[in-house]
Structure formats: structure tokens, C-alpha cells
Amino acid sequence: MGSLSSAIMKEGREQGLAQGREEMRQKMQKELDDMNTKIDDMNTKMSKMQEQMLASIRILSDSCGISYEEAMKCVSIPEPDQVMYLKRLRES
């Protein structure tokens, strides 16, 4: 009878551990999904902000008769970002 009860206890522990691992996996997957949603939202906001900045640079350049580079300096866009904006301005 001792070995039967040991076998039952061992099986119960294994099932409990398996259930705990599955619950943890599901929890981690939900957290990962939530984080990915937040990242997508942030990327969307960043894209909108960049589009607004591009529009502002164009307007400033056109209304003041200055180059895109000068317009970006006027609104204090950091130099590393100027390269990206200038590329996008020239593509459109």
C-alpha cells in the first residue's frame, strides 16, 4: 500500500506542477501580448508625431522661404533626427 500511495502522491505533484507551468505560461503570454499592444500604440503615436513634424517643417520652409535644413534648425530638431526627416521630406 505504501508504494501505491507514493505513486499517487508523485502523480499528483506532477499534475500540480504541470498545471502551475501552464498557468504561468498563459500569464506570461498575456503580459507579452499587452506589451506588444502598448508598443504598437507607441509606434502609431510616434508615426503621427513625425508626420506632424514633417508638415511643420514644410510649412516653415515654404512660408519663410528657407531650406528644410534651416527650418529644422529653427525648431531645434536634433541633428541625428534631421537626417531622417530630410530623407522623408525628399521622398515625398
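A residue is called buried here when its relative accessible area is under 20%, exposed when that value is over 50%, and partly exposed in between. With that scale in hand, let us walk through this predicted model.

**Overall architecture**

The protein is helical in its secondary structure, with 3 helices and 0 strands. Following the sequence from start to end gives the pattern α-α-α. Helix α1 covers residues 2-64.

The overall dimensions are worth a look on your screen. The C-alpha trace spans about 95 × 20 × 20 Å along its principal axes. The radius of gyration is 29 Å, whereas a compact globule of 92 residues would come out near 12 Å.

**Surface, contacts and charge**

Burial is next: 12% of the 92 residues count as buried. The accessible surface adds up to about 7600 Å², and carbon and sulfur atoms contribute 58% of that area. As for contacts between residues with a separation of 6 or more, 38% of them join residues that sit 24 or more positions apart. The protein carries 14 positive and 16 negative charges, and the mean positions of these two sets are 4 Å apart.

**Three residues of helix α1**

Ser-61, Lys-45 and Met-49 make a handy trio for exploring the first helix. Here are their accessibilities side by side.

| Residue | Relative accessibility | Class |
|---|---|---|
| Ser-61 | 8% | buried |
| Lys-45 | 58% | exposed |
| Met-49 | 51% | exposed |

Let us start with Ser-61, which belongs to helix α1. Its relative accessible area is 8%, and therefore it counts as buried, the cut-off being under 20%. Which residues does Ser-61 touch, leaving aside those up to four places away in sequence? They are Ile-66, Ser-67, Tyr-68 and Ala-71. With Ile-66 there is also a polar pairing: a polar atom of the Ser-61 side chain lies 2.4 Å from the backbone oxygen of Ile-66.

Lys-45 is also part of helix α1. Its relative accessibility is 58%, so Lys-45 is classed as exposed. Lys-45 and Lys-87 are 42 residues apart along the chain, and their C-alpha atoms are separated by 20 Å.

Met-49 is another residue of helix α1. Is Met-49 buried or exposed? Met-49 counts as exposed because its relative accessibility is 51%, and the cut-off for that class is over 50%. Between Met-49 and Ile-39, which are 10 residues apart along the chain, the C-alpha separation is 15 Å.

Technical notes
Residues numbered from 1 in each chain as written. Predicted model: local features only at pLDDT ≥ 70, side-chain atom pairs only at ≥ 80, totals over all residues. Heavy atoms only, no water. Helix = DSSP H or I, 4+ residues; strand = E, 2+ residues; numbered from the N terminus. Rg over C-alpha atoms; globule rule 2.2 N^0.38 Å. Buried < 20%, exposed > 50% of the residue type's maximum accessible area, 1.4 Å probe, protein only. Contact = heavy atoms within 4.5 Å. Areas by Shrake-Rupley, 256 points an atom, 1.4 Å probe, with all protein chains shown as cover. Lys, Arg positive; Asp, Glu negative; His and termini not counted. Charge placed at Lys NZ, Arg CZ, Asp CG, Glu CD. Polar contact = N/O pair within 3.5 Å; in protein donor to acceptor, adjacent residues only side chain to side chain.
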